[in-house]
Amino acid sequence: VDQSGKSPAHYAAGWKNRAAQVPADPQALFKIGSISKLYVATAAAKLVNNQSLSLDDKLADYLPELVGRIENADQISLRMMLQHRSGIPNYTDQSEFDWANPPSDTSKGLEFILDKPADFEPNSRYSYSNTNYLLIGNILDKTLGHDHQLYINREILVPLGLTHTYGLLSQVEIENVISGYHFPYDEDFRDVEFISPSGSMVATAQDVGIFLRALNDGSLLNHDEQTIYSSIYEYEHTGWVLGYQSFARYYKDIDTVVIQFVNTTGGNG
């Protein structure tokens, strides 16, 4: 809990590792799931501002190999993907997708929805889809000529001093990550790595809190970047991967950031 004018307060309950009876540690690393989308959208806003990307360019312009494989690729703009208004099906909702054994790379994740009909006509309504941000990650990589996580590190993490935020689980020492459980199973899902720009990041609660405050108070983006960001995405988020659910909220009326990590999913969690 980071309330303006006060030092951030940290609270913990339960277990970091239930089998070993290691108490929960508020400084432990956590799989933040779809909170990752805030970082990707921030990167996109910066690249739109410097004219490396255009919100009006189409999926077909950026990734022409997907024409004929994703319906309406020639009509779906980058803006629609950022805003979850593309109509592209959510690959993690497909019956063959297994959260306990997710694809080992983004191309395999994308295969779940290739050649399937659109959920709706582009920009006709909103429907949350992890596929949008998987594709945006691919677009960022192609535009930059390198992994977009390097850009996020350079343009977001380093300026904010975020030394406990990572793009992938494989980049950290696994013993520093809190265990993740899914009711009613006893299995620890800590080693399961979800690889996708839509939700692969790992961070501490404090690092996410610093980022969320900077995103909301205008200290991360300049005026033009902030205007672009406000037009494309939200300023808080939740996250879910197997064994991990997360909440990143900003309460403007009391100028307070609240980050909550829960290392259990399923049941009535």
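This is a guided tour of the predicted model shown above, arranged as a series of selections.

The model is predicted, so local features are taken only at pLDDT of at least 70 and side-chain atom pairs only at pLDDT 80 or more, while totals for chains, interfaces and linings use all residues. Residues are numbered from 1 along each chain as its sequence is written, and side-chain values use heavy atoms, with hydrogens and water left out.

**Whole protein**

Begin with the entire chain in cartoon representation. The protein has eight helices and 11 strands; these are DSSP runs numbered from the N terminus, with helices being H or I of at least four residues and strands being E of at least two. The radius of gyration is 18 Å, close to the 18 Å that the globule rule gives for 269 residues, so the protein is as compact as a globular protein of that length. That radius is taken over C-alpha atoms, and the globule rule is 2.2 Å times the number of residues to the power 0.38. Along the principal axes, the C-alpha atoms fill a box of roughly 55 × 45 × 30 Å.

Next, colour by accessibility. Buried residues make up 49% of the 269 residues, where buried means under 20% relative accessible area, exposed over 50%, and partly exposed in between (1.4 Å probe, protein chains only). The protein exposes about 12300 Å², of which carbon and sulfur atoms supply 48%; areas come from the Shrake-Rupley method with a 1.4 Å probe, and for residues only the protein chains shown count as cover. Of the contacts with a separation of 6 or more, 71% are between residues 24 or more positions apart, a contact being heavy atoms within 4.5 Å.

**The four-stranded sheet**

Select strands 1, 10, 9 and 8. They form an open sheet in that order, with antiparallel pairing. Strand 1 (2-3) and strand 8 (237-241) are the edge strands, each pairing on one side only. Two strands pair if DSSP finds at least two bridges between them.

Narrow the selection to strands 8 and 9, which pair in the antiparallel sense over five bridges. V241 has Y244 in strand 9 as its bridge partner, and W240 has Q245. Which residue in the turn of this hairpin has a positive phi? Two residues lie between the strands, and G243 in the turn has a positive phi of about 90 degrees.

Now show the side chains of strand 8. H237, G239 and V241 point to one face and are buried, while T238 and W240 point to the other and are not.

**The three-stranded sheet**

Move to strands 4, 7 and 5. This open sheet has the order 4-7-5, with antiparallel pairing. Strand 4 (30-31) and strand 5 (165-166) stand at the edges with a single partner strand each, so one side of each is left without a neighbour in the sheet. Two bridges join strand 4 to strand 7; K31 has V202 in strand 7 as its bridge partner.

**Backbone exceptions**

Most residues other than glycine have a negative phi, and most peptide bonds are trans. Three sites are worth selecting here.

- F183 and P184 are joined by a cis peptide bond with omega of about 10 degrees. P184 lies in the loop between strand 6 (181-182) and strand 7 (202-203). At 57% relative accessibility, P184 counts as exposed. A distance from P184 to D61 gives 46 Å between C-alpha atoms, for residues 123 apart along the chain.
- H84 has a phi near 60 degrees, a positive value in a residue other than glycine. H84 is in the loop between helix 3 (78-82) and helix 4 (106-110). Is H84 buried or exposed? Its relative accessibility is 0%, so H84 counts as buried.
- D255 has a positive phi near 45 degrees. D255 sits in the loop between strand 9 (244-251) and strand 10 (256-262). With a relative accessible area of 24%, D255 is partly exposed.

**A buried loop residue**

Finally, select L63, in the loop between helix 2 (59-62) and helix 3. At 4% relative accessibility, L63 counts as buried. Which residues does L63 contact, leaving aside its neighbours within four places in sequence? They are L135, N138, I139 and K142. The C-alpha atoms of L63 and D141 are separated by 11 Å, with their positions 78 residues apart along the chain counted as the separation.
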